[in-house]
Amino acid sequence: TFTDVQGKEWFAADVMALAANSNEIIKGYPDGSFGPYDKLTIDQFITMLVRASGEKAEPSSEYWAINYLKKAKALGFLKDGDFPDFRAEITREQMAVLMIRWLEQKEDLSGLDTSKVADAILDF
């Protein structure tokens, strides 16, 4: 459980499911909080995808996410030059790109018609 998720919020069940997942997709902050109203950053999202892959990476004292970013590159869904600042807020478009790349490593997506996807993704 997290100190700032009471269980009645619209997102509580999903957050708790991801936290309870054997891959520990969501771990929260060292103080026991989750930060449900914080903006999601690029490095946080990439970390969740690495963990969802069943991969582990040790946090670094230099920059906590560096080993997750290295693992994401090794897994093939993060490419050099994708982001100038991994600590920046992630957009829906960036999440979609990373998710498609992540899924491509897991599934054959060649049969999907993605011709209209770009028009359907709106990021305000």
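## Helix α2 and its surroundings

In this predicted model, α2 is mostly covered, with nine of its eleven residues counted as buried. The buried residues are Ile42, Asp43, Phe45, Ile46, Thr47, Met48, Leu49, Val50 and Arg51, a list in which Asp43 and Arg51 are charged residues. Among the elements that cover the buried residues of α2 are α3 and α4. After α2 comes Gly54, and the phi angle of this glycine is positive, near 85°.

## The largest nonpolar core

The largest nonpolar core holds 27 residues, and those that touch the most other members are Ile46, Leu69, Phe77, Leu78, Phe83, Phe86 and Leu98. At least two residues of this core come from each of α1 (12-20), α2 (42-52), α3 (66-75) and α4 (92-106), and the largest share, six residues, is supplied by α2. As a general matter, nonpolar side chains in soluble globular proteins tend to be buried together.

Phe83 gives a view of how this core is connected. When its neighbours within four places in sequence are left aside, Phe83 is in contact with Ile42, Ile46, Leu78, Gln94 and Leu98. Of these partners, Ile42 and Ile46 are buried residues of α2, whereas Gln94 and Leu98 fall within the range of α4 (92-106).

## The largest pocket

The largest pocket encloses about 940 Å³ of space. Its lining is made up of 25 residues, and those nearest the centre of the pocket are Ile26, Phe34, Leu40, Gln44 and Met48. Both α1 and α2 supply at least two residues of this lining, and the largest share, four residues, comes from α2. Met48, which lies among the residues nearest the pocket centre, is also one of the buried residues of α2.

Sorted by class, the lining of the largest pocket contains 16 nonpolar, four polar and five charged residues.

## The chain as a whole

The secondary structure of the chain consists of five helices and zero strands, so that the pattern read along the sequence is α-α-α-α-α. Along its principal axes, the C-alpha trace spans about 45 × 35 × 30 Å. The radius of gyration of the chain is 15 Å, which agrees with the value near 14 Å that a compact globule of 124 residues would have.

Of the 124 residues in the chain, 32% are buried. Among the contacts with a separation of 6 or more, 57% are accounted for by residues 24 or more positions apart.

## Gly35 and Gln6

Two further residues, one buried and one exposed, lie outside the helices. Gly35 is placed in the loop between α1 and α2, and it counts as buried because its relative accessibility, 15%, is under the 20% cut-off. Leaving aside its neighbours within four places in sequence, Gly35 is in contact with Asp4 and Tyr29. The C-alpha atoms of Gly35 and the core residue Phe86 are separated by 18 Å, and these two residues are 51 residues apart along the chain.

Gln6 is found in the segment before α1. With a relative accessibility of 63%, Gln6 is over the 50% cut-off and therefore counts as exposed. Between the C-alpha atoms of Gln6 and Met48, which are 42 residues apart along the chain, the separation is 22 Å.

Methods
Residues numbered from 1 in each chain as written. Predicted model: local features only at pLDDT ≥ 70, side-chain atom pairs only at ≥ 80, totals over all residues. Heavy atoms only, no water. Core = buried A, V, L, I, M, F, W, Y, C linked by side-chain atoms within 4.5 Å. Buried < 20%, exposed > 50% of the residue type's maximum accessible area, 1.4 Å probe, protein only. Contact = heavy atoms within 4.5 Å. 1 Å grid on protein atoms, 1.4 Å probe; cavity = no way out; pocket = protein on both sides within 12 Å on 5 of 7 lines; lining within 4 Å. Points joined across faces, edges and corners; volume = space filled by probe spheres on them. Rg over C-alpha atoms; globule rule 2.2 N^0.38 Å.
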